[in-house]
Amino acid sequence: MRLRTNGRLVAKNRPVHFTFNGKRLQGYSGDTLASALLANDQLLVGRSFKYHRPRGLVAAGAEEPNALVELGRGDRQEPNARVTQVELFDGLAARSQNHWPSLEFDVGVINAKLSRFLPAGFYYKTFMQPQAFWKHVYEPIIRASAGLGRAPETGDDHTYEHFNVTVDVLVVGGGIAGLAAALAAGRAGARVLLVEQTSGWGGRAVVDRPSIEGISAQDWVNATLAELDAMPNVDVRLRCQGAGVFDHGYALAHERLTDHAPKQGGPRQRLWRIRAGRIVTATGAIERPLSFAYNDVPGVLLAAALRDYVVNFGVAVGERTVIVTNNDDAYRTAIALHDAGLDVPAVIDARTSAKGELPEQVRALGIKVLTNSGIASVDGGKRVTGVQVCAQDGEGTVTETIPCDCVAMSGGWSPVVHLWSHCGGKLVWDEPHAFFRPDADRPPLGADGEGFVIAVGTANGHLFTAEAIADGFSAGRKAAKVAGHTRKPGQAPMGDDVAEDALTPVWIMPAQAPYKLRSKMWLDYQNDVKVSDVQLAAQEGFQSVEHAKRYTTLGMATDQGKLSNINGLAVLSNALGEAIPRVGTTTFRPPYTPLPLAAITGVARDELFQPIRKTPVHAWHDAQGAEFEPVGQWRRPYAYPRGDETAHDAVTREVVNTRENVGLLDASTLGKLIVKGPDAGKFLDMMYTNMMSNLAVGKCRYGLMCSENGFLMDDGVVARMDDDTWLCHTTTGGADRILAHMEDWLQCEWWDWQVYVANVTEQYAQFAVVGPKARQLLQAIGGMALTKDDLPFMQWASGQIGGFDVRVFRISFSGELSYEIAVAAGQGAAFWDMLVKQGEAFGLMPYGTEALHVLRAEKGFIMIGDETDGTVIPQDLNLNWAISKKKDDFLGKRGQLRSHMVDPDRWKLVGLETVDGSVLADGAYAVAEGVNANGQRNTQGRVTSTYYSPTLKKGIAMGLVKHGPTRMGEVIAFTKEGGGFVDARIVDPVFYDKDGEKQNV
Amino acid sequence: MKRYSAFAIAREAFRQHSGWTRAWGQAEPKPRYDVIIVGAGGHGLATAYYLGKNFGITNVAVLEKGWLGGGNTGRNTTIIRSNYLQDPSAAIYEKARSLYEGLSQDLNYNVMFSPRGVMMLAQTQHEIRGYQRTVHANNLQGVTTEWISPARVKELCPIMNIDGPRYPVLGALWQARGGTARHDAVAWGYARACADMGMDIIQQCEVTGVTTEAGKVTGVNTTRGDIKCGKLGMVVAGHASVLAQKAGFQLPIESVALQALVSEPIKPCMDVVVMANTVHGYMSQSDKGEMVIGGGTDGYNNYTQRGSFHHIEETVRALVETFPIVGRLKMLRQWGGIVDVTGDRSPILSKTPVEGIFVNCGWGTGGFKAIPGSGWAMAELMAKGASPLTEEFSMNRFRHGKFIDESVAAGVAH
Ligand SMILES: Cc1cc2nc3c(=O)[nH]c(=O)nc-3n(C[C@H](O)[C@H](O)[C@H](O)COP(=O)(O)OP(=O)(O)OC[C@H]3O[C@@H](n4cnc5c(N)ncnc54)[C@H](O)[C@@H]3O)c2cc1C
């Protein structure tokens, strides 16, 4: 119901239209969806998770557990939006969730009728027989009734962005404590970021209106903001929630940019990734509900929330509101409601007396105050119709029934300690206030061993204006000082409050409530956890607060227990007869409120998911219709199908053409690491199994690199550039990994060696010109001398080809005459084009990675990642020739001496040919007789590479076989895809040009 | 023990549930036990359970420094599969998976084992070859797995985008009888069954020292006094190396944070478990409706049970890429556990240099699925001194170089 008075945030001359479950409704600019729904008397907004009980709004802020709705449609549909945090805009369409067929009539409510059969943890005790029923019957039923919102059906078409900032002081919370902290830090000269989750500044103070510095809280807030706005070193943001605090002063803030104004362009939300010297948490406090029977009936709200709705939005929930409390603060609600012209039949106060200033003011207004009283039970189904009053210290005997349509409850306040706690800040139990507050002596520690989070204001347990504002100011000053900003910020602002009497902790109402009442006192509204559930958990031995939480699901709903945790914990402590601080809290985990995954993702979606690395000729490959395969972040052409060729046909053509004419491979992705310095030779002798220090300038050598455990991890050709420079080629996937590996050793073990490693992979384009006509082609183009004598096999030279400055390596991974030519990356495309153009006359065709694989397999060359898998040592691959016997040491040497590594039964590399010429399956195993101790079939080998060889016109394979090299000619059985076996003969792994005549011409 | 059943619930419903007794007792430590197990995680409790059930050894205490199941057992994303590559792994994980199938009935506690199927996506040629190899190996190991096409992937998991612009799905390794279970229930179910056999489960009891005599274990020092024992099983996951040090030997274990997160609950939209190792993320939907999401470990060692947000970002990006609809969901909670990682990423179930001390650790990022099998095998090892299932997992394998390396088949091993 909209009031004529009040409503500081809404513009009553600017109506806004929206729908709820299709019904057209009207609110005002400045409303939240929550206040607009209440203004339209739409109190019922959802259904609870387990019992499908009707749910109405309880709170006005981020702590709201009930009012979750679905917004938008199609690629903008959003489930589980919290209406208290949704700002109203024209055209907003909201739908309630978790009911069938409708919000008003939900058949799921049958669960509520059966609730006595569904106590905490009931599902652990049943649904066990028969075994197959869990998967096929019980689980599907449970799943169907689970979940809250509908799953979206498509992706999200909004954009999201990330900001990275470094600040001296991050202040979270724009209430008076946070403003004071920002003011002090800003005046001192520190770089400050102040964030506030709502759309307005001032927090509680602008609702409850204490005076600050002799002026109204609102005026003080306005003046402070004006001052902050004028400071170049201070940045302030509304709609920006401090979401999480992580180690080393890292914090996240989540800013909603256009949620409230969807027609405005730009990103929807922004994630701030913040490095802060100090984080000041001024996050306020959250009011606690009281546990009385049927406290979940729509119309029962937090007392301060009711005040917020009246003062901020000019909205009342009911006409007759009963207030129930254990503290003075809730009397403010009585006054606010009374001032707004609403009826307050009574304040029910659980304390034995209420003589504070506020209760006296309330009495003076003619409102009845009942002390030592509580609510025995709330009447009403989908809406409160009255309350039954009882003595707080009794068992719930009803003394009076008060008709009403709204109940405002207050069980005291709990500081919002989440951000303080995320990174390990500890709490103390504050007995007089009955809440946990940050323990200043045990803050989360930064790398310097100092606390890097400072809690201030109500979030630090200071419920009164004077303390809260002074606390904020002094923390801001202190935080700035840590960053070296010592300018004097002046005097802390003075605040002034009405004095309040102490509260009396009340965990259940009435204190001696029998089971009948306790089983209807809700702690967690969304998950339907009641006082009796927590007590049952304690009875069954779930004593740890974590056990009780998990057994009952208390605090596990989308509000993460902001309202329920402390109340539940107190019930548990009482049930166990332990003090509350001994039982302790559950862990506070980020994020403070649920954080959209799209915001976490930012722009890293679709094409931008990861960087795509492209060689200088990528565009050419693309234009040729190449089929690409991802190799790390690179895209490499797998093959270049022509016309209606399949990829397989293309590979065959490319292989044959390379063997017969000349092929061209874009090898630019191969890693190129420059290793330079006086100790470079010594270093490479450690990195490679073979000797690299004695490689002559101008020569190339194939090298193997092993892990410390002796396993082969990379291979490639090393070329000696000059006296103290080597160029190490790595596999495509290996460049970054091997660079890191080298740096690891240089930085951690041999930090005194003078070696410098640079990754120049992207500085050069490198192409392999391969095949019997390779030399003819290059000679036709013209340039440096490339005959067998000018540039013999396994040497390199620099010079010019076709006017390009090049470096030419005579190395071969195909068994053919081959020149690998490097040019500066910027000239790569032009050089490639020239090769293609001039190559036409020689039948040149580009070939892709698959042809590369086939060519190398025909030659019996190993491939890292195929023949190796992290368990293979060079000796397994008969590569003993590449392991230096002269060197004292190299990485892997010691590992290779271990007993299992020298075991004669290790599987070794051989060639394999099926007896019927078919292609062996990838990954096939060779079986042996019998089974092992665990009943698994014995094996004696496996396939590591397998291809159809266009050159030999049959399947060829390489594999590792027990005693393989000594079993040439033997036929063994391999598994087939889909079952069965196929016979294959053990042969020499070199299938083509066994003597290596072709590459060495 | 009062048996759990629908009838028991109905009976209690009419007397305000006053008849339910403690699921496990609140024991004071006795001066001596035949066997002490340190660590009341899934593996420790399962070890105790099978010591009693299979070998009749019931004078057993399980000592837990915090609350039972509060370590990684209560923090994990509950994927259960046995499609491992190497024989010793496949043997113990398949043993575990098959025990999971009847565990609710065996324990009289519903652990909600849900064999809904696990798929591991291949998104590079290299992964295709790796998973096809796994299928061949599994079929010889008696583990039923198959290689499925992209079309079948889409059919089993319609919310997946199999034609993403960066890493289209090329197929998957599919284990139809893999799935998930309720992690807390596994710990609680075993604890209740152990207590029922008369074992003591002692919480809030940290082992602070190990006492030996002539190279043989004699007992432990704890925060609740000294306790003697005949045999000692150390089953403490991320703290394995810390405890081993107290007994005077070293373990090749690194402790790192592994994180996970859940979304808010939504109506069911995903019936299978999907792991995508190229992009580094995996996801399933809990019975409550939350999307349960995990990724890789942090790159540095620590004991804090929380991790860096960068990893969360990486994981979330991977999931949004693979399942675009999840971009619309919100992260409800993130957390971390300290996982115990060995050099070859395989566990250690082994005798130790101290006679009478046995270790079970190194399950790293993927030991929830192993709990029943590991407990079964560890109990046999402790009772008989040897077990075919633990043979290859001895800590001596690091000395001999006889690693059991699974990283071959999976970058992420959950
Ligand atoms: C985020 C995350 C996701 C994961 N996802 C999966 C998954 O999907 N599938 C899968 O199979 N596995 C997964 N795992 C791994 C799995 O959780 C673990 O391998 C498994 O739970 C280990 O069980 P545990 O019993 O060995 O260890 P824990 O459950 O950690 O138990 C060890 C216990 O020892 C106690 N302890 C330690 N020191 C002492 C001492 N000195 N005295 C007394 N007690 C002590 C600890 O308090 C703890 O309770 C995941 C792990 C994490 C962290």
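Is Glu400(A) buried, exposed or partly exposed? Keep that question in mind as you look at this predicted model; the points below begin with the answer and then move on to chain B and to the contact between the chains.

1. **A glutamate in chain A.** Glu400(A) is partly exposed, because 13 other C-beta atoms lie within 10 Å, and a residue counts as partly exposed when that number falls between the limits of 12 or fewer for exposed and 20 or more for buried. You can find Glu400(A) in strand β23, which covers residues 398-403 of chain A. For a sense of scale, try locating Asp995(A) too: Glu400(A) and Asp995(A) are 595 residues apart along the chain, and 106 Å separate their C-alpha atoms.

2. **The overall form of chain B.** Now turn to chain B, which has 11 helices and 18 strands. Its radius of gyration is 21 Å, which agrees with the value near 22 Å that a compact globule of 414 residues would have. Along the principal axes, the C-alpha atoms of chain B fill a box of roughly 65 × 65 × 40 Å.

3. **Packing inside chain B.** Of the 414 residues in chain B, 65% are buried. Look also at the contacts in chain B with a separation of 6 or more: 75% of them link residues 24 or more positions apart.

4. **Two domains in chain B.** The domain assignment splits chain B into domain 1 (25-109 + 182-252 + 344-400) and domain 2 (118-178 + 255-342). Over C-alpha atoms, the centres of these two domains of chain B are 28 Å apart. Their contact takes 29 residues from domain 1 of chain B and 29 residues from domain 2 of chain B. On the domain 1 side, β3 (79-80) and α3 (87-101) of chain B each supply at least two residues. The largest share of that side, five residues, comes from α3(B). By type, the residues on the domain 1 side are 11 nonpolar, 11 polar and seven charged.

5. **Where chains A and B meet.** Here 90 residues from chain A and 85 residues from chain B take part in the contact. On the chain A side, helix α3 (residues 133-145) of chain A gives the most, with six residues. The chain A side divides into 37 nonpolar, 32 polar and 21 charged residues.

6. **Strands paired across the chains.** Finally, have a look at strand β32 (residues 595-596) of chain A and strand β16 (residues 330-342) of chain B: they run antiparallel and are joined by two bridges. To find the place, start from Leu595(A), which stands opposite Met331(B) in β16(B).

Definitions and conventions
Residues are numbered from 1 along each chain as its sequence is written. Chains are lettered from A and ligands numbered from 1 in the order in which they are written. This is a predicted model: local features need pLDDT of at least 70, side-chain atom pairs count only at pLDDT 80 or more; totals for chains, interfaces and linings use all residues. Helices (H or I, at least four residues) and strands (E, at least two) are DSSP runs, numbered from the N terminus. The radius of gyration is taken over C-alpha atoms; the globule rule is 2.2 Å times the number of residues to the power 0.38. Two residues are in contact if their C-beta atoms, placed from the backbone, lie within 7 Å. Domain bounds come from an automatic or database domain assignment. Ala, Val, Leu, Ile, Met, Phe, Trp, Tyr, Cys and Pro count as nonpolar, Asp, Glu, Lys and Arg as charged, and the others, Gly among them, as polar. Two strands pair if DSSP finds at least two bridges between them.
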